Amino acid sequence: MPDQPVVDVALGLALLYVVLSLAASAITEWISALLGLRSKNLRAGVETPLGKEYAEKVYAHPPIANLARDGKLPSHIEPDTMATARASVTGASSTGLRACSAG
């Protein structure tokens, strides 16, 4: 096979890009986990539409409170669980909230 420097450079750059992007993702995930950014962002995302008072009630709801580990806020809440807790706290119908969260 003839020597193709353009192909070698292209493959080298592609490999370099993959390695650097994986390293950047790993570093970002590590920092995010270390600082608890996911749980903080989730809390802020819940407080924005509901307000602080309702957000505290949602986080105190048993299915969501059980997701907390070692006193830390959960970093992920399933949409159905959130819809049920929100409906229970606000007194709304959970079927409409589930339809909104699924779409």
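**Note on an all-helical predicted model**

1. Leu 67 is in contact with Pro 74, His 76 and Ile 77, once its neighbours within four places in sequence are left aside. This residue is found in the loop between H4 and H5. Its relative accessibility is 34%, which means that Leu 67 counts as partly exposed, since that class lies between the limits of 20% and 50%. One of the partners, Ile 77, stands 10 residues from Leu 67 in sequence, and the two C-alpha atoms are 7.9 Å apart in space.

2. The model under review is a predicted one, and the values given here should be read accordingly. The protein contains six helices and zero strands. Read from the N terminus on, its elements follow the order α-α-α-α-α-α.

3. Some totals describe the protein overall. It has 103 residues, and buried residues make up 17% of them. The accessible surface comes to about 7600 Å², and carbon and sulfur atoms account for 63% of that area. Among contacts with a separation of 6 or more, 36% are between residues 24 or more positions apart.

4. Helix H3 spans residues 52–60, and its buried residues are Ala 55, Val 58 and Tyr 59. Seen down the axis of H3, these buried residues fall within an arc of 95°, so they line one face of the helix. The face turned away from the buried side carries the exposed residues Glu 53 and Ala 60.

5. What do the buried residues of H3 pack against? They pack against three helices: H2 (37–50), H4 (62–65) and H5 (79–90). The points that follow take up individual residues in H2, in H4 and in the loop between H3 and H4.

6. Arg 43 lies in helix H2. Is Arg 43 buried or exposed? The relative accessible area of Arg 43 is 17%; because buried means under 20%, the residue falls in that class. Apart from neighbours within four places in sequence, Arg 43 is in contact with Glu 56, Tyr 59 and Leu 73. Of these partners, Tyr 59 is one of the buried residues of H3, and Leu 73 is among the residues that line the largest pocket.

7. Gly 45 also lies in helix H2. With a relative accessible area of 43%, Gly 45 is partly exposed. Gly 45 and Ala 55 are 10 residues apart along the chain, and their C-alpha atoms are separated by 9.5 Å. Ala 55 is one of the buried residues of H3.

8. His 61 occupies the loop between H3 and H4. Its relative accessible area is 15%, so it lies under the 20% limit and counts as buried. Not counting residues up to four places away in sequence, His 61 touches Ala 85 and Ser 88. Helix H5, at 79–90, is also one of the helices against which the buried residues of H3 pack.

9. Ala 65 has its place in helix H4. This residue is partly exposed, at 34% relative accessible area. With neighbours within four places in sequence left aside, Ala 65 is in contact with Tyr 59 and Ala 60. These two partners belong to H3, where Tyr 59 is buried, whereas Ala 60 is exposed on the face turned away from the buried side.

10. The largest pocket has a volume of about 230 Å³. Which helices each supply at least two residues of its lining? Helix H1 (5–35) and H2 do so. The largest share of the lining, five residues, comes from H1.

11. The lining of the largest pocket includes Glu 29, Ser 32, Ala 33, Leu 34 and Leu 35. Gly 36, Arg 38 and Ser 39 are also part of the lining, as are Lys 72, Leu 73 and Ser 75. By character, the lining residues divide into four nonpolar, four polar and three charged.

Methods:
Residues are numbered from 1 along each chain as its sequence is written. This is a predicted model: local features need pLDDT of at least 70, side-chain atom pairs count only at pLDDT 80 or more; totals for chains, interfaces and linings use all residues. Side-chain values use heavy atoms; hydrogens and water are left out. Buried means under 20% relative accessible area, exposed over 50%, partly exposed in between (1.4 Å probe, protein chains only). Helices (H or I, at least four residues) and strands (E, at least two) are DSSP runs, numbered from the N terminus. The arc is that of the directions from the helix axis to the C-beta atoms. Contact means heavy atoms within 4.5 Å. Accessible areas come from the Shrake-Rupley method with a 1.4 Å probe; for residues, only the protein chains shown count as cover. On a 1 Å grid over the protein atoms alone, a cavity is a set of points where a 1.4 Å probe fits but cannot get out, and a pocket is an open set with protein on both sides within 12 Å along at least five of seven lines; lining residues have an atom within 4 Å of a point. Grid points are joined across faces, edges and corners, and a volume is the space filled by probe spheres set on the points. Ala, Val, Leu, Ile, Met, Phe, Trp, Tyr, Cys and Pro count as nonpolar, Asp, Glu, Lys and Arg as charged, and the others, Gly among them, as polar.
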